[in-house]
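Visitor: I should like to take a close look at one part of this protein, namely the nonpolar residues and where they gather. Please describe that part in detail and set it in the context of the whole.

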Amino acid sequence: KPAKTIAIPKGQQIGQVFARNFKQPTTYAWNVSVEQQLTPTTALRMAYVGNETEHLSVLIDMNPPYANTSKFYVNSNLGDIYDDQSWATASYNSLQFTLDQHVWHGLQVQSSFTWSHTIDVASSSNVSFGNPALGNPISAKWNRGNSNQDMPFNWISNFIYHAPSLKEKGKLIEETVGGWQLSGIITLQKGNPFSIGQWGTDPGVGMWNNRADFAPGVANNMGKGSHWDWTNPSKGYFNPAAFTLPVSCNDQTPGWCGFGDTGKNAYWGPGVFGIDASIMKNWALREGKTFQFRWDAFNATNHPSFSNPASTVNQGPTVFGIITGTNSQPRIFQGALRFTF
């Protein structure tokens, strides 16, 4: 029988398909650690932890909306053709320090600090969360950079302090002042990474979140000033004049085609700081019966953790570089009474 001809409407998008040579990812992991006991109740641990992953999934548009490339045959009658390939790589390297203080005069402490770097080509290829196609489908180098999950430093400490029972001071002092327990978790982290992007300067190009160009000789002043400056439309988190739109695809400049020279996730938003704390006391009423009072404070210092600034270069001078939101919850108190029998 003669072959059937399937008519494809002009501009029709072909959804995500798997490449013929698609492979499952492979991860190689390694670590080395050293532990040292400093005192009978204190120990220090230092470790290097790393891994390398290959054959990660990456989404390539095989029909990009520009024609100045010889790698693809661009068919203007079709829309995007998403091909799920598996050549992407990622790496993670970190130095990790942990201090353990076992109970000493009622105090127990654990503090962990991680200094790390995560690099990848594509932090996600899942079409369920938007369009994850690579910004530049013909250059792995342009797409490789700091991962969306990169967190250069992360310091988390927790403690529990049991106050003395003060039994020798008498029953009244013991039941009112003695025996309280104070605990807390302290978090200090680097902010979330972001790129300086551009949008809509060429037909279809903005959908890949292509990046902006540096403005030669202009300081970006990234993260300078206070949070009052970051949220002020006349100042902002960085100097918007330090970035400009890239060379347009439409002028057919070889090798550029609208892809900016700023790096992938080259900048970080404001850091994160928070303290969660709790205070509690138990009273033994009779054998097997206990009454407990507990008071918790989340974000006890009511410290705001700001979101990343607006980072699309052609959003306008009153938006670009400005922080308009937070990632943290306000301070929350909660109390509880518990009777155990």
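Guide: The following account goes from the whole chain to the nonpolar cores and then to a patch on the surface. The model is a predicted one. The protein has three helices and 15 strands. Of its 341 residues, 34% count as buried. Among contacts with a separation of 6 or more, 70% are between residues 24 or more positions apart.

The largest nonpolar core comprises 14 residues. Within this core, the members that touch the most others are Phe194, Ile196, Met222, Tyr237, Phe238 and Phe243. Ile196 may be taken up individually: leaving aside residues up to four places away in sequence, Ile196 touches Arg211, Ala212, Phe238, Phe243, Thr262, Tyr267, Ser311 and Phe320. Phe238 and Phe243 thus appear both among the contacts of Ile196 and among the core members just listed. Apart from this core lies another, made up of six residues, including Val58, Ala88, Val121 and Leu134.

Nonpolar side chains also gather on the surface. There, Val34, Met46, Leu95, Phe97 and Trp115 form a patch, and together they have about 460 Å² of accessible area. Met46 belongs to strand β3, which covers residues 42-61. Met46 counts as partly exposed because its relative accessible area is 38%, a value between the limits of 20% for buried and 50% for exposed. For the protein as a whole, the accessible surface comes to about 20100 Å², and carbon and sulfur atoms hold 58% of it.

Methods:
Residues numbered from 1 in each chain as written. Predicted model: local features only at pLDDT ≥ 70, side-chain atom pairs only at ≥ 80, totals over all residues. Heavy atoms only, no water. Core = buried A, V, L, I, M, F, W, Y, C linked by side-chain atoms within 4.5 Å. Buried < 20%, exposed > 50% of the residue type's maximum accessible area, 1.4 Å probe, protein only. Contact = heavy atoms within 4.5 Å. Patch = residues over 30% accessible without salt bridge, like charges linked within 9 Å, V, L, I, M, F, W, Y side chains within 5 Å. Areas by Shrake-Rupley, 256 points an atom, 1.4 Å probe, with all protein chains shown as cover. Salt bridge = Lys/Arg side-chain N within 4 Å of Asp/Glu carboxyl O. Helix = DSSP H or I, 4+ residues; strand = E, 2+ residues; numbered from the N terminus.
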